[in-house]
Amino acid sequence: MAEIFWERVLDFMLFWGIWLLAPLLVDISTAVSYFVTLFMYLRKEDEGFTLSHYPYVTVLVPVYNSAETLYKCLQSIRDQSYPSALIQVICVNNGSRDNSFEVFQRFQYAHPELPLMWASLDRPGKSEALNVGLYSGQGSYLINVDADTWLDKDAVLQVVRTFESNPSLVAATGSIRVDKVLGKGFRFIDLLNYCEVVEYLIAFGIGRRYQNLTNTLFTLSGAFSAFRRDTILQSFLYQNRTVSEDTDLTFHLRQIVKKKQGRIGCISKAIAYVEPIESLARLYSQRVRWQRGEIEVLAMHYGRVPGALKALFQFTGRILISDHTLAFLRLSWTFLIPFLYFLGYSLPTVVAAIFGLFICYLLLDGLYFLVAYTSVDEPYQKELQKIWWVVFLLPGYRFLTYWFRLAGIIVGMTQPKSWSVENPVKQLGDLLRFYKKGLVKGVFRKQWREF
Amino acid sequence: MKRLFRLGVYLGFIVWVLSWPAGARAGQGFVLDGAFDDWQGRAHLADGRGDGREDADFKALAWGTNENERRLYFMVERQLPAAAGRGCTCRLYFDVDCNGSYDNSVDKYAEVTYRPVAGGGRVAVELYSASGHLLAVYRGRWGEAGGRRFEFAVPMNKLGIYPAQPVRFYLSGIGAGADRLPDRGDNQWAPFPGTVKSKTGVAAVCFVWLAVAAILRRHRIWPFYYIWGAVGFTFIMVLFFQGSLLEYQVEYRTGMIVHRLLRCLDIVTYVFDKAPGTLLVLIKMDESWTTIDIDIESSGLLELCIFLGLVLFYPAYRPASKLLFSLAGVASVYLFNLLRLVLVVVAIYCGGRNMSFIAHTLFGRLVFFVLIVVLYWYVFTRPSLKKVREYVGSG
């Protein structure tokens, strides 16, 4: 009897769950290609390369109300294993209203040996700030680092080493990690941050490395990226037409260097740290912006949007099918699978099938975590061991971010050209308060009239 | 707001008409009462005269389910015996795990004893496990007084069958010279008694759903508006259409179209007047029968409701675009579904009934899935990209 039950559950999962399993199948096929190519890549990565000379590099730091984090960021640049005298640092202020400049002055006073510059724009705009920096930079390599990001001590050295050993590499993103003390807190926000840590670990430890090998990097991270000066100056630089200027530039650069067989990659050993997300609302806002940016950039870079079949053979098309087309199917089926109980399916079958789907996602996340874990250095592995159990939360976290990204698709179509993202939960709360207030007022009025 | 209200009224009226109960057209539910009008035009297998002992020479075996009830109903008709008053005992064997063997521990059989007496025939059903262990007994006046027909029902849980689980069965007399129906092989069937909710209750839910959707739209909380609108629309439409005239019509027409398409491929199927969407296929390879029930899912109605919900509430499109996409989408989904059904039957017909699972899940579902993804690409992704390109490009 139990055998028949599990057979039914499997049938149910494969038949009805295909709408939710299909995105998983896309993930699994991607994972398989990741693992195979990474296995090949690992041997290449180990090939040693020693720098014969140390070129001059420029680090650009766009500053916007960054007083709290700027000192730590600049300190991390000062602490680089790369010779300080060969690092030019340009901070470009774009309309800060806090005391960021005083922080800069304090740092400059403390470290006169570091070539530091401060440029100021009279308005906010990260793209403009970065462009000013890119034009002013004199280094052979231009590296941009967000003011709320800090570099690992070998980051610049790894960037230069990788560029020098790969003449075809024109631009690269560094590897981003979330700077969170692991395994200490267990509040909701801590768990959210742990998930974020693992998400970044997988994204940069597997995803970006795979994209690096196949020359299909989707985004040169705005937080930490590096460019060959001569190539970046041939481009349109950062544009603010979309909410994702870094992805826009990545696609533009790819077009420029396509004929020259240039590559855009990821330097896994060049590590930068970012602060963990502060709240669920911030995570929502971030993911909405990412999804929206992705759609905007792809829309702009498709001369003519291809048919479904052609899209399937392009990496951008596959991303769109996975992130946009399948998102619509998942939307309905996420609710419909439990709803099948009301259409006549037995409750144990439906519950067991949903549990089975969770297990499928859990296994995939577990595998990703394991592979990403093996790709990092030993001290970080020890840190990660403290939160190994977070793997069980990852399917839930991905489920959450799926809804945020779906909201990004909707918001992108309904609120054009806006960086600000309204939190729908807050909107809903405001709405309920509004109606409650209206209701209370109505009751008072009625009472007053009766009085 | 006024426009939305007007649209809601129009839509409501259309849905109200379409969700009208199928009533007598689809056939009444089965009632164990010894009257047999409810078995007219239902799915059945027929058998010739003279191939069995006189008292157990079967003419037909019919089967079906009732909505909201997890029981399998059967009706046995005998060739009228010379001594009409003589009773008979027969067995209905169930291959519960659908593996071709009737001797597994989960398999069962129902021994049915029929005694025609004045005022209605007495029927006793004893349900046994394959090893002969008595599981349950059911009795009633469920037969004709004349000795020709009798009906009975077996609960699905006693048989150990989950809804939509395929099961095989055949009818056999007892003793030497007893008849068998079908003469060779058996019939495979995946009974799925649907659940139909009260339309009044659904209408009340619909009212609340519309009101919330209107508020979310008015306050431009687009993510919640879309999720609430699209998912709610699908749920409500499905609940409205379950057991409705529209479901009956769609299933009936789909069954007829598939029946004709298969005839072009030289695959003979049987359809029944009062069993909309039921196709009986003779699989020559297995020398057995397979019952294919086209329900709210396999008729494509469920997918249509999902698609329409997603299109009608997508806030990026103008009403004209929504109408265009809806029409094109409905036609496409229906065609894709026809293709899927034909593929499933062809796969089972060519590969035998053991292919059922692969045919349904892999051929049918995957092909359908791929085609739906293609449709969604053209309805959602491509136009969305064009629209985004317009506003981003316009600066």
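Pro182(B) sits in the loop that joins strand 10 (180-181) to strand 11 (187-189) of chain B. The peptide bond leading into this proline, from Leu181(B) to Pro182(B), is cis, and its omega is near -5°. The model is predicted, and the angles given here are computed from it. The mean pLDDT of chain B is 87, with 94% of its residues at 70 or more. Where pLDDT is low, predicted coordinates should not be read in detail.

Two other loops of chain B hold a residue with an unusual label to look for, a positive phi in a residue other than glycine. Arg220(B) is one of them, with phi near 55°. Its place is the loop between helix 3 (199-218) and helix 4 of chain B. Is Arg220(B) buried or exposed? Neither word fits fully: Arg220(B) counts as partly exposed, because it has 13 C-beta neighbours inside 10 Å, and the exposed class ends at 12. Asp266(B) has a phi near 65° and lies in the loop between helix 5 (245-264) and strand 12 (269-272) of chain B. Asp266(B) has 7 C-beta neighbours inside 10 Å and therefore counts as exposed.

Next come the strands of chain B. Strand 3 (residues 71-78) pairs with strand 2 (residues 58-64) in the antiparallel sense, over six bridges. Within this pairing, Ala60(B) stands opposite Glu77(B) of strand 3. How many residues lie between strand 2 and strand 3 of chain B in their hairpin? There are six, and one residue in the turn, Asn68(B), has a positive phi of about 60°.

Strand 3 of chain B also pairs with strand 8 (residues 149-155) of chain B, again in the antiparallel sense, here over seven bridges. Val76(B) of this pairing stands opposite Phe150(B) in strand 8. Strand 3 thus has strand 2 as one partner and strand 8 as another. Strand 3 of chain B is also mostly covered, with seven of its eight residues buried.

In chain A, a pair of helices can be followed. Two packed helices are described by the angle between their axes and by the distance between the axes. For helix 12 (residues 315-343) and helix 13 (residues 347-374) of chain A, the axes come within 9 Å and cross at roughly 170°. Helix 12 of chain A is therefore roughly antiparallel to helix 13 of chain A, since angles over 145 degrees are classed that way. On the helix 12 side, the contact is made by Ile337(A), Pro338(A), Leu340(A) and Tyr341(A), and on the helix 13 side by Leu347(A), Val350(A) and Ile354(A). By class, this contact has seven nonpolar residues, no polar ones and no charged ones.

The last topic is the contact between the two chains. Chain B contributes 51 residues and chain A contributes 49. On the side of chain B that touches chain A, the elements giving two or more residues are helix 4 (222-241), helix 6 (301-312) and helix 8 (356-393) of chain B. Which of the elements gives the most to that side of chain B? Helix 8 of chain B does, with 22 residues. Sorted by class, the residues on this side of chain B are 32 nonpolar, 13 polar and six charged. For the complex, the predictor gives an ipTM of 0.88 and a pTM of 0.88.

Note on methods
Residues numbered from 1 in each chain as written. Chains lettered and ligands numbered in written order. Predicted model: local features only at pLDDT ≥ 70, side-chain atom pairs only at ≥ 80, totals over all residues. Buried ≥ 20, exposed ≤ 12 C-beta atoms within 10 Å, placed from the backbone. Helix = DSSP H or I, 4+ residues; strand = E, 2+ residues; numbered from the N terminus. Pairing = 2+ DSSP bridges. Axes fitted to C-alpha atoms, helices over the stretch in contact; angles between N-to-C directions. Parallel < 35°, antiparallel > 145°, perpendicular 65-115°, else oblique. Contact = placed C-beta atoms within 7 Å. Nonpolar A, V, L, I, M, F, W, Y, C, P; charged D, E, K, R; others polar. pLDDT = per-residue confidence, 0-100.
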